[in-house]
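User: I would like to go through the labels on this model one at a time. For each one, give me the value, the cut-off and the conclusion.

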Amino acid sequence: MSLTGKRVLLIVSGGIAAFKALELIRLLRKAGCGVTCVLTKGGAQFVTPLSLQALSEHKVYTDLFSLTDESEMGHIQLSRSADLVVVAPASADILAKMAAGLADDLASTVLLATDKPVLVAPAMNVRMWGHAATKANMAMLSSRGIHVVGPDEGAMACNEFGPGRLSEPPAILAAIEALLCAPKPLAGKHALVTSGPTHEPIDPVRYIANRSSGKQGHAIAAALAALGARVTLVSGPASVPDPAGVKIVRIETAAEMLAACQAALPADIAVFAAAVADWRVASAAHQKMKKTPGGAPPALELTPNPDILATIAAAGPARPGLVVGFAAETHDLIAHAQDKRRRKNADWIVANDVSPATGIMGGSENEILLITAEGEEPWPRLAKDEVATRLAARIAEALA
Ligand code: C5P
């Protein structure tokens, strides 16, 4: 991996961690990467344009309305000559501006005008990071494909402890390298991924659910995006954070998941990792069901849910080129998974043993067998992230 000849536009916003931007510039320059800096008013309270200029060996831009800057380069031109825009540190304020699309200074205007990939390295007080507003802003930015590194957890300048510390410069450099140097074999491909459980209502307050966390499906979505795919992740109520760089469509029921998947087509790749409820209540009550003293419990009549994988994988012009299903079994793994591959018209099945003793369901590791038309391929026990990376690489290989 080499950053030689690449160019980064580095936006330094306000925060005590702004001094770490100097080390980041040094590392980037050492790696052969050109750096141009934009310093916000807040950032200039912590580092000087002169230090940024000395290290980057480049003019530093600070003022949107400088006539010279505008005629020399302009806020549009500024990111045109960059391969990547990096915001480090990214304050809660600049993240909020990005989420809202504000453009009231040079940095926010560049961020609104750029068509280049953007990486943010958030840094702020632990409670600001945990605030619902920041969480909503980060979710919005992720859904638009903004890449995120950090923040780290640790002791903070404000004498508090928790997540909010700016990632260390070597980690930011590694994230920049991953974005600028990694091969993108899935560029131009659209991948549809389902993840998480579904919730099937019994009445307005009760539902039928399952223990799926969404960990594996979300990791697959992130791994496909890392290889350059445009990813639509259709997710039930998962208990893991949104992956960066993918479009998320949130649904609750199997019927909504099917509609969202159909709306997302066409796709080149479809991976069905969701734990879809097999049945729903035939006619969910519109009002909360009341228990009456001494009354009999209600009998719930169940009706089958649509099989999303089988519906999308059915032969036809809208069928994605490569369809991957999952089979979670507790016995006769291979026979059940092979049967599922044929019955549902999937190309591949990722089969795993989810007997309680394996600790796989809801855990952070997975041990799978990849079932293809050629046969079964056992994989070693790996972290779910690694299973995702390996599966994405296999998908890229198959589509090459
Ligand atoms: O039949 P079973 O639930 O074991 O099949 C598992 C595979 O089928 C998984 O890929 C799952 O995401 C998918 N599936 C689906 N819609 C359903 C049930 C399962 O897409 N209603």
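Analyst: A word first: the model is predicted. Let us begin with a helix pair. Leu-22, Ile-25, Arg-26 and Arg-29 in H1 meet Ser-51, Leu-52, Leu-55 and Ser-56 in H2. By class, the residues of this contact are four nonpolar, two polar and two charged.

User: What makes residues of H1 and H2 count as meeting?

Analyst: The test is heavy atoms within 4.5 Å. Leu-22 and Ile-25 are among the H1 residues in the contact, and Leu-52 and Leu-55 are among those of H2.

User: Why is H1 called roughly parallel to H2?

Analyst: The packing angle is about 15°, and the axes are 9 Å apart. Angles under 35 degrees count as roughly parallel. Therefore H1 is roughly parallel to H2.

User: Which hand does the crossing of H1 and H2 have?

Analyst: Right-handed: that is how H1 passes H2.

User: Why is Glu-57 called exposed or buried?

Analyst: Its relative accessibility is 58%. Exposed means over 50%. Glu-57 therefore counts as exposed. The residue sits in the loop between helix H2 (49–56) and strand S3 (60–61). Its phi is positive, about 55°, although Glu-57 is not a glycine.

User: Why does Asp-332 get its label, exposed or buried?

Analyst: Asp-332 has a relative accessible area of 53%. The cut-off is over 50%, so Asp-332 is exposed. Its loop runs between strand S17 (322–329) and helix H13 (333–343). Phi is near 45° here, a positive value in a residue other than glycine.

User: Which strands form the open sheet, and in what order?

Analyst: Eight strands, in the order S13-S12-S9-S14-S17-S18-S20-S21, with mixed pairing. The twist averages 20° from one strand to the next.

User: Why do S13 and S21 stand at the edges?

Analyst: Strand S13 (247–250) and strand S21 (375–378) each have a single partner strand, so one side of each is left without a neighbour in the sheet.

User: How do you know that S12 and S13 pair?

Analyst: Pairing needs at least two bridges. Four bridges join strand S12 (residues 230–235) to S13. The two strands run parallel. As one example, Thr-232 has Lys-247 in S13 as its bridge partner.

User: What makes S20 and S21 a pair, and how do they run?

Analyst: Again, four bridges join them, set against a minimum of two. S20 and S21 run antiparallel. Thr-372 is bridged to Gly-375 in S21. A hairpin of two residues joins S20 to S21.

User: Which strands does H13 touch in packing on the sheet?

Analyst: H13 touches S17, strand S18 (348–353), strand S20 (368–372) and S21. The direction of H13 makes about 155° with that of S18.

User: Where are the cis peptide bonds at Pro-151 and Pro-266?

Analyst: One joins Gly-150 and Pro-151, with omega about 5°. Pro-151 is in the loop between strand S6 (147–148) and strand S7 (152–155). The other runs from Leu-265 to Pro-266, with omega near 5°. Pro-266 lies in the loop between helix H11 (254–264) and strand S14 (269–272).

Terms used:
Residues are numbered from 1 along each chain as its sequence is written. This is a predicted model: local features need pLDDT of at least 70, side-chain atom pairs count only at pLDDT 80 or more; totals for chains, interfaces and linings use all residues. Side-chain values use heavy atoms; hydrogens and water are left out. Buried means under 20% relative accessible area, exposed over 50%, partly exposed in between (1.4 Å probe, protein chains only). Axes are lines fitted to C-alpha atoms, for helices over the stretch in contact, and angles run from 0 to 180 degrees between N-to-C directions. Angles under 35 degrees count as roughly parallel, over 145 as roughly antiparallel, 65 to 115 as roughly perpendicular and the rest as oblique. A crossing is left-handed if the near helix is turned anticlockwise from the far one by less than a right angle, and right-handed if clockwise. Ala, Val, Leu, Ile, Met, Phe, Trp, Tyr, Cys and Pro count as nonpolar, Asp, Glu, Lys and Arg as charged, and the others, Gly among them, as polar.
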